[in-house]
Amino acid sequence: MHMPLEDSLGLNLLAANQHRADHNRAHFDAWNVLCLNVMSSPGAGKTSLLERSLAALSSRWAMAVLEGDMTTLLDAERLEAVGIPVVPITTGRACHLDAAMVGGGLKLLQQRLDPAELDLLWVENVGNLVCPAEFAIGEHRKVALLSVTEGDDKPLKYPVMFREADCVLITKVDLLPHLPVDVERIETHIRQVNPHTAVFRLSATSGVGFDAWHDWLAAQLTSVQTTPALIHA
Amino acid sequence: MHEVDMTRCLLLSMHEWKQQHAPRVPKVDRVHLEVGSFTCVEPDQLVVTWSDAVKGTWLDGSELVIESVPLVGRCIRCQATYSPDAADGFRSPCCQHPMEEIVSGRELRIRSVAYGFETASPPPTASCPTVAC
């Protein structure tokens, strides 16, 4: 038996994850590294995107990858072949990366190189259009992929992911001539849930759209590396 | 599936809250959450994972009470609030404008904790024969 009491907390439900994400972010800022959280459903082309972008940008920027996968090292092995440092993070049963997992990946990365020498750190999340949207990892920008083979309704069915994204990449556009899908409709649906996100249409097979995507990346890198907090870091 | 990880985060926050009362251990009756409808959380699933997670712990017997917060948008053209709906493409019904401003619906908040401290009943006395604590 007890006297009934009540405390008002007003805490974020994910405060524990957010604290760790803030910790990761402080490291990224101190290292002056742009961190991207790359998310999509399975098979939308995250690894193919990274293969092409890493190959195209490796002479321009120093980069590394934290590669999230539930069980295998298959994607990590593909990216290692490009010649970029890759740290695999196997999540087991978890369907997303959280800030603690990324923090563990950063420690492993530090055993291989000095992160302060990097310009860009890619985090390839686990293939999933739901969970990764809610779990911050300390990233500067969220990038969501949506392949044209997934249909035009996905931004409306999984709106939180597309609402949260700073950039949406519509991938596999080389397949459009073979599909009964309207890419304009895909983009319209994306903008209905997130009017201000950047949207690019890409094909990792043909390379179309990658110049504009890389220009966007360069602008984000400049933005992050010239913020006053970083100058004084 | 991510409700398991959300429950883990919630338990960590509850543990930190418990530390504020140390060395006493509060007996928690209810934990009140506000969960927006424009989140990736399924409230029923969260209640189930909570019930499983607290068994045998200091939170055993506590109830997770979830208040759903509806998605409300504001049209930036006419400033009217509305209930964005996927079937309508989340657009404002007045101007068909995309969902620009979200007023509510993104909440994932631990609002409050109802609790108490176990106290032994005092021995009955002549002046207070029916005291109940």
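## Helix α7(A), its surroundings and the contact with chain B

The buried residues of α7(A) pack against five elements of chain A: β6 (141–147), α5 (154–157), α6 (159–164), β7 (167–171) and β8 (198–201). The model is a predicted one. The helix itself spans residues 183–193. Its buried residues are Ile186(A), His189(A), Ile190(A), Gln192(A) and Val193(A). They sit on the same side of α7(A), because they cover an arc of only 160° around the axis. The helical repeat gives the background. An α-helix has 3.6 residues a turn, so residues three or four places apart point the same way.

Two of the packing partners also pair with each other. Strands β7(A) and β8(A) run parallel and are joined by four bridges. Within this pair, Leu169(A) has Phe200(A) of β8(A) as its bridge partner. The connection between the strands passes through α7(A). This β-α-β crossover is right-handed.

Leu169(A) leads on to the core. The largest nonpolar core has 91 residues. Leu169(A) is among those with the most contacts inside it, together with Leu121(A), Trp122(A), Val123(A), Ala144(A) and Met161(A). In soluble globular proteins, nonpolar side chains tend to be buried together.

Take Ala144(A) as a closer look at this core. Beyond its neighbours within four places in sequence, Ala144(A) is in contact with Met39(A), Ser40(A), Met161(A), Phe162(A), Ala165(A) and Val168(A). Met161(A) appears again here, having been named among the core residues with the most contacts.

Trp61(A) offers another setting. Trp61(A) lies in the loop between α2 (46–57) and β3 (63–69) of chain A. Trp61(A) counts as partly exposed because 15 other C-beta atoms lie within 10 Å, and burial takes 20 or more. Outside four places in sequence, its contacts are Asp119(A) and Leu120(A). The C-alpha atoms of Trp61(A) and Glu117(A) are 9.8 Å apart, across 56 residues of sequence.

Now turn to chain B. It has two helices and six strands. Along the sequence they follow the pattern α-β-α-β-β-β-β-β. Of its 133 residues, 30% count as buried. Among contacts in chain B with a separation of 6 or more, 68% join residues 24 or more positions apart.

The two chains meet through 34 residues of chain B and 33 residues of chain A. On the chain B side, the elements that give two or more residues are α1 (2–19), β1 (27–36) and β6 (108–116). The largest share, nine residues, comes from β6(B). By type, the chain B side divides into 20 nonpolar, seven polar and seven charged residues.

Strand β6(B) also pairs across the interface. Its partner is β1 (residues 5–12) of chain A. The two strands are antiparallel and share six bridges. Here Leu5(A) stands opposite Tyr115(B).

Ala15(A) shows another point of contact between the chains. This residue belongs to helix α1 (residues 15–31) of chain A. Leaving aside neighbours within four places in sequence, Ala15(A) is in contact with Cys9(B) and Ser13(B). With 18 C-beta neighbours inside 10 Å, Ala15(A) is partly exposed. Its C-alpha atom is separated by 22 Å from that of Leu129(A), which is 114 residues away along the chain.

Key: Residues numbered from 1 in each chain as written. Chains lettered and ligands numbered in written order. Predicted model: local features only at pLDDT ≥ 70, side-chain atom pairs only at ≥ 80, totals over all residues. Core = buried A, V, L, I, M, F, W, Y, C linked by C-beta atoms within 7 Å. Buried ≥ 20, exposed ≤ 12 C-beta atoms within 10 Å, placed from the backbone. Contact = placed C-beta atoms within 7 Å. Nonpolar A, V, L, I, M, F, W, Y, C, P; charged D, E, K, R; others polar. Pairing = 2+ DSSP bridges. Arc of directions from axis to C-beta. Right-handed = clockwise from strand over helix to strand, strands pointing away.
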